[in-house]
Amino acid sequence: MAGNKSYTIVEYFGGEDGYRCGYCKSQTGNFSRGMWSHTMTVQDYQDLIDRGWRRSGKYVYKPIMQKTCCPQYTIRCHALKFQPSKSHKKILKKMNRFISKGELQKGQEDCAGEPMDSVCEEAGPQELRKVHLKCTALTGIQKDATEFPSTTEVQKEAADATPTGSQTSQNDPVSVLAGTTTSAAPKPGNGADPSRPPCRKAKELRKERRLQKEQMRQNGDGVSSTVSPTQPTPSQNNQSKTLEEFISESLPENSAHCLEVRLVPVNFEDPQFMASYQQSSALYAQYQMAIHGDDPSECSESEFKRFLCDSPLEAEYAPDGPEVGYGSFHQQYWLDGRIVAVGVIDILPTCVSSVYLYYHPDFNSLSLGSYSALREIAFTKQLQKQSPKLSYYYLGFYIHSCPKMRYKGQYRPSDLLCPETYVWVSIERCIPLLDNSRYARLNQDPDLGDARAVRDLGRALVLYRRTVMPYAAYSRKRKGSSDEMEVQQYASLVGQDCAERILLYRS
């Protein structure tokens, strides 16, 4: 990757005031710290989300877990070990029936179909607009980043500087999964067609199979005249099917619809991104107004651009990375030649991180939130074949105190990030703790602390008067009131390693 040639440049804003919560609807109960990122390397963002941060456009924020009304725990799924649950299979089959037969059951949506986080509610949209206006005057900063010295060179100065108020240092478009979605025609008994046999409960089917086995044993030869022992039953087929097999079932030639998934980089110089930009923006507005009840002014083209197109992540490529590279992308779902859904994702060194999903309201009953998550898990597995360490799918935040958001825990196996030690803990071990308390230290080892806690504030990098320097050197040059408490707070949240790589803007 880019290494010392690229810097992350941020402005830290803290955040002492509470604002509206998009989950419990408290007007002042949501608390978080935030910073504006002018530019960011994918490795720095990977390390930040592994410390509980998350981005909304170029604004990167971290909930104050012990204070906020609805604690938000970073959740990741082990993509390589993922097996779809019964509810996931139901969603995949529903989509396949729609593609092959055109079946669309209006007004039916299950809780598993909730979309990915509405992060513009999480991060406080009014606060974001103020930050955006405040930072626009500094947009030229990242243009000079290539002229900055390397991190190693800057830290040589830190080694000679006396630490200030801190301890001394201890040692082409990509077609996803073959592009066109293929699915088999539904078997009798599925769907809403009244001319077909009604759906039957699994309990009834198991009871019937037990009776068949008993009859077979009574016949003495153990072989039923109607069921061949070498042919698995439909339920056995479903149990052995992988996620990819559900997605890539072959379509009949006379399918009612054609679904294609395209991966497009978020880049205003990319022809395909620009060719679909207006259609994508209009779809976002439709979704926000119909699903979230937004006013048209809240989902304008400028808001769409700020929220889902302006990304601080620089596109990067590495010899051992995925062919599409790292950075921000739109995964577009094209149905019969038009965009019906868009999943916004970040491809990072060890994960695919889900940012947002929006879709056409007419297809609300297809549970597109869950369907897109399943597609993104399959996409993560595909990328892992090219980049072995890229093996996780991040679903954003898990909010146990909000029952509507617990569906993310259904993507197993998954882990939650401990808000104190920043180690991953399996969700099965976390649920009992969160049942008892909204906030919990998920790692139960009392001797374990934050391995990347701030050890030497003097080594944190700052950008002062367009010059990169360690904080120890900056503090000697600075005139006026001390900002050590603010910088200490920032460094404790990003951790020592990030503090020594990320440039903190100082005016």
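The exercises below concern a predicted model, each with a worked solution.

**Exercise 1. Confidence**

State the average pLDDT of the protein chain, and find out how many contacts beyond four places in sequence the model has for residues 110-126 and for residues 181-196.

Solution.
1. The protein chain has an average pLDDT of 83, and 73% of the residues reach at least 70.
2. Over residues 110-126 pLDDT stays under 50, and the model has 67 contacts beyond four places in sequence for them.
3. Over residues 181-196 pLDDT also stays under 50; here the model has 49 such contacts.

**Exercise 2. The faces of helix 13**

Determine which residues of helix 13 (residues 427-436) are buried, and how they are arranged around the helix axis.

Solution.
1. Ile427, Cys430 and Leu434 are the buried residues of helix 13.
2. Viewed down the axis of helix 13, these buried residues fall within an arc of 55 degrees, so they line one face of the helix.
3. The spacing fits a general rule: an α-helix has 3.6 residues a turn, so residues three or four places apart point the same way.
4. Arg429 and Asn436 are exposed and sit on the face of helix 13 turned away from its buried side.
5. The cover over the buried residues of helix 13 includes strand 5 (73-78), strand 11 (392-398), strand 12 (414-417) and strand 13 (424-426).

**Exercise 3. Salt bridges and burial**

Count the salt bridges. Then take the pairs Asp44 with Arg501, Glu244 with Lys381 and Arg506 with Asp483, and decide for each residue whether it is buried or partly exposed.

Solution.
1. The count is 19 salt bridges. Side chains of opposite charge can pair when their charged atoms come close.
2. Asp44 and Arg501 meet at 2.7 Å, N to O. Buried means under 20% relative accessible area. Asp44, at 4%, is buried, whereas Arg501, at 27%, is partly exposed.
3. Glu244 and Lys381 meet at 3.2 Å, N to O. Glu244 lies in helix 8 (residues 243-247) and Lys381 in helix 12 (residues 368-384), so the pair ties together parts that are 137 residues apart in sequence. Glu244 is partly exposed at 22%; Lys381 is buried at 13%.
4. In the pair of Arg506 and Asp483, the closest N and O atoms are 2.8 Å apart. Arg506 belongs to strand 16 (residues 503-506), and Asp483 to the loop between helix 14 (471-477) and helix 15 (484-494), 23 residues apart. Arg506 is buried at 8% relative accessibility, and Asp483 is buried with a relative accessible area of 8%.
5. Through shared partners, salt bridges join Arg478, Asp483, Glu486 and Arg506 into one network.

Note on methods
Residues are numbered from 1 along each chain as its sequence is written. This is a predicted model: local features need pLDDT of at least 70, side-chain atom pairs count only at pLDDT 80 or more; totals for chains, interfaces and linings use all residues. Side-chain values use heavy atoms; hydrogens and water are left out. Buried means under 20% relative accessible area, exposed over 50%, partly exposed in between (1.4 Å probe, protein chains only). Helices (H or I, at least four residues) and strands (E, at least two) are DSSP runs, numbered from the N terminus. The arc is that of the directions from the helix axis to the C-beta atoms. Contact means heavy atoms within 4.5 Å. pLDDT is the predictor's confidence in each residue, from 0 to 100. A salt bridge is a side-chain nitrogen of Lys or Arg within 4 Å of a carboxyl oxygen of Asp or Glu.
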